[in-house]
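Trainee: Please take me slowly through one part of this model, and then set that part among the chains around it.

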Amino acid sequence: MSEHSIALAHQFDDLEQQKEAAILGMWVFLVTEVMFFGGMFTGYTIYRFKYHEAFMAGSDHLDLLLGATNTVVLALSSLTMAMAVRSAQLGKRRALMSYLSLTLLLGSAFLVIKGVEYSHKFHQHLVPGPHFAFEGHDPQHAQLFFSFYFAMTGFHALHMIVGIGLLAVILWMSYKGRFNAEYHNPVEVSGLYWHFVDIVWIFLFPLLYLVGHHR
Amino acid sequence: MNREHIIPPKVYLLVFAALVVGTLAMVAAARVELGPLNIVVAMTLAALQATLVALYFMRLRYSHRLNWIFAGASILWLLLLIGMVLTDVISRLSE
Amino acid sequence: MSTAPAAGKHELPRVHYLNIDYGIRSWLFTTDHKRIALLYLASISFFFVLGGLFATIIRLELLTPAGDLMESETYNKLFTMHGIAMIFFFLIPSVPAVLGNFLVPMMIGARDLAFPRINLLSWYIYTLGGLFTLFAMASGGVDTGWTFYTPYSSTYSNTHVMATALGVFILGFSSILTGFNFIITIHKMRAPGLTWFRLPLFIWAHYATSVIMILGTPVVAIAIALVGIERLFHVGIFDPALGGDPVLFQHLFWFYSHPAVYIMILPSMGVISEIVCCFSRKKIFGYPFVAFSSVAIALLGFLVWGHHMFVSSQSMYAGMVFSILSFLVAIPSAVKVFNWTATMYKGSVMYNAPMLYAMGFIGLFTMGGLTGLFLSTLATDVHLHDTYFVVAHFHYIMVGGAIMGYLGGIHFWWPKISGRLYPEGWARFSALVIFIGFNLTFFPQFVLGYLGMPRRYHAYPPEFQVLNVMSTAGASILAVGYAIPLVYLIWSLRYGLAAGPNPWGAKGLEWQTTSPPPTFNFPETPVVDEEAYEYYPMKEAEVV
């Protein structure tokens, strides 16, 4: 581990400083992500408070089984991601690649399930806009629920797609042998991002899928 | 952060198990009519799950205190945003 | 009182960051924070001129009481675009992206920022956002006001809201990346011996600003995104007719946009601290207080946004809380003003152009800040809201404050950036012209607002004409004042005297390397063993 390692960028004095900067950097970036989703959580909270009945009715139309399955799928992908980072820490290239691939697979599965859910909503005329049709007591505010459902899960899915792209690049880099026990910042930093996306879903699931369901 | 702390796989598996159990508990609790407590239970469970992910999967537990501060600040600011807007809305509703 | 340098005393270094490489690719693909700072300088200057053009047309219309120069729809577009260009594309980047980018690594003894390529990316993102906004402007503009209030912006306006919103949304990421870079750099890359309390106050100011950038900008991003979604899909997120709450938009918008004004002023305050110490030949009075006041402003600034919403139907109780907190946030700003003044007291004050700008800042910022108290008082705000009193208040802070700080900083560090001295006589003259023009433009607006003239109107009762004419006359003087530095600064690039490493005899690591600096700033990482601002009163002949 030397100051002249190829992995050391010119602005840093040593690998330790570079690593700390990378990790802190990702945490600071995640702060911005918390506030970004936070704006939507705020809007959601206000409207749920004002129109609780409509939100319950809207939530009942969501597929609880698919949502819960996705929650477990994402948690599993977080596990494999953590194991991937651990493999990088230990310099185990093949294990790293395997765990990254698993994470990619699980992440894609999440998106497929989400896609199925979205297409259900489309066929049930529950996508907000000119074709929205809700047979319930308060369709106007139920549409508000579905606006937030699609906005929040939509931005979340967007972040998943970016994450998958990121992991694909990391997988390729690890295939090329770019990481070892001394230097694997991109793996760690991608892991932090991936876990954050999981945390957002951990909150989205109960807020969107478990409003009603008092049966 | 000194020499990197490697977390044993067992710990990761335990966290994953906790996440699954937490999810099941959330769904079960939602089926019981608890009034305003429903949201409290759900959010508490979610917060616990998120904390486990942050501490162990994201390795915050073994990280520099500076990272803790930024992670904490983000939660604080989120609560500030939601909280203060909510106080406005609540106090208007009674009119 | 300053001495002119002996002609030919200094020479430019043979190799420095400007001549190390030539050609457009060496600029567009640079990762050198100093070059990126200059890229930003060019871009924001463009938007400053654009915003100034809009302001000129606005002031021309307001020469006469009747709305005779243009239709009201056109006028609405002009003040909207003036606000957007000035706030998002000039003021918010100005000091951080130009002076901050250039100086933060140098002031802490680093070779570059923590993430140089992300720095370049932030400029490209700025440019992309700028292009979208320019496209919107060229296609007919936007008339919602820079505040994009719903449901007008989300449902009823038929101007180019989407393109402008997209431009601003994209621009937000430029701001976030800049702040993010500064935070990591300041935490992790300080030179040996440079503890937090030895840092220049410029650094403290930029750190506090960066914290605001990362905590606040994402919220306005989502607010704008939701407006876009509402417009695209005709859903009712903020439209009351469709079940939404327009005040929710205002909450999300102002949660960022109030802290944004601190993004615009804090870096300038950092500049003032540097200038006042150097040109009073004294260390700052009460360093910890000034340092902590930056942090306090950043934090408290997040608790006051509702003072923009007193008459929006926000609850009265929330209004009272926001009002009290707004009084509180004035305190750390006042601390700074007291401390700068105390620094000057019994100092050896030299009235070079940067110092003239700094002194102008202190006076005008104080006036602007004090008038803010009238606005944060619930009862008086009901009378003053949406009048020219508000317009005058924020222009005193943003133009009399932030822009004067920016210009003072440009002059103070011009020798470091370009290796050349600007002509001091012309610089002092234009500082004076700016000061006079500024006050003539905006002081009458306090009176107009108090008398009841509403803002964003292109026609007004005839009894307000005299004050409006004064304001427009002032604006023409102000324009001249801004034009002159443009000329002599460019002139100095070719004909200015070589500055040498430290023409001002200033303290700070940036002055310990050549002017212009080499690409990696320092031949060796400096080691810091003295406190900040260890100035000693210097004899006249020692200056320069």
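Mentor: Let us start just past the end of helix H4 of chain C, where C:Gly140 follows the helix with a positive phi, near 130°. Please keep in mind throughout that this is a predicted model. H4(C) itself covers residues 116–138, and because a helix is expected to rise 1.5 Å a residue, its 23 residues should span 33 Å, which agrees with the 33 Å that separates its end C-alpha atoms.

Further along chain C you can find C:Asn158, which sits in the loop between helix H5 (152–156) and helix H6 (161–188). C:Asn158 has 8 other C-beta atoms within 10 Å, and because a residue counts as exposed when that number is 12 or fewer, C:Asn158 is exposed. Its C-alpha atom is separated by 38 Å from that of C:Leu486, a residue 328 positions away along the chain.

Helix H7 of chain C deserves a slower look. H7(C) consists of 33 residues, and the distance from its first C-alpha to its last is 48 Å, close to the 48 Å expected at 1.5 Å a residue. Even so, H7(C) has a kink of about 30° at C:Gly216, shortly before the proline C:Pro218. The helix is mostly covered, with 27 of its 33 residues buried, and after H7(C) comes C:His234, whose phi is positive, near 50°.

H7(C) also leads us to a neighbouring chain. Ten residues from chain C and nine residues from chain B take part in the contact, and on the side of chain C that touches chain B, the elements giving two or more residues are helix H7 (201–233), helix H8 (246–280) and helix H10 (316–344). Sorted by class, the residues on that side of chain C comprise six nonpolar and four polar ones, with no charged residue.

Chain B, in turn, meets chain A, with 38 residues of chain B in contact with 39 residues of chain A. On the side of chain B that touches chain A, helix H1 (9–30), helix H2 (37–57) and helix H3 (65–93) of chain B each supply at least two residues, and H3(B) gives the most, with 13 residues. That side of chain B is made up of 29 nonpolar, six polar and three charged residues.

Within chain B, H1(B) and H2(B) also meet each other, their axes coming within 10 Å and crossing at roughly 170°. Since an angle over 145 degrees counts as roughly antiparallel, H1(B) is therefore roughly antiparallel to H2(B). Among the residues making this contact are B:Val11, B:Val15 and B:Leu19 of H1(B), together with B:Val41, B:Leu45 and B:Leu52 of H2(B). The residues of the contact of H1(B) with H2(B) fall into 16 nonpolar and three polar, and none is charged.

Finally, look at chain A, which has six helices and zero strands. The C-alpha trace of chain A spans about 70 × 30 × 30 Å along its principal axes, and 52% of its 215 residues are buried. If you consider the contacts in chain A between residues at least 6 apart in sequence, 76% of them join residues at least 24 apart.

Key: Residues are numbered from 1 along each chain as its sequence is written. Chains are lettered from A and ligands numbered from 1 in the order in which they are written. This is a predicted model: local features need pLDDT of at least 70, side-chain atom pairs count only at pLDDT 80 or more; totals for chains, interfaces and linings use all residues. Two residues are in contact if their C-beta atoms, placed from the backbone, lie within 7 Å. Helices (H or I, at least four residues) and strands (E, at least two) are DSSP runs, numbered from the N terminus. Ala, Val, Leu, Ile, Met, Phe, Trp, Tyr, Cys and Pro count as nonpolar, Asp, Glu, Lys and Arg as charged, and the others, Gly among them, as polar. The expected span of a helix is 1.5 Å times one less than its number of residues. The bend at a residue is the angle between axes fitted to the seven residues ending there and the seven starting there. A residue is buried if 20 or more other C-beta atoms lie within 10 Å of its own, exposed if 12 or fewer, and partly exposed in between; C-beta atoms are placed from the backbone. Axes are lines fitted to C-alpha atoms, for helices over the stretch in contact, and angles run from 0 to 180 degrees between N-to-C directions. Angles under 35 degrees count as roughly parallel, over 145 as roughly antiparallel, 65 to 115 as roughly perpendicular and the rest as oblique.
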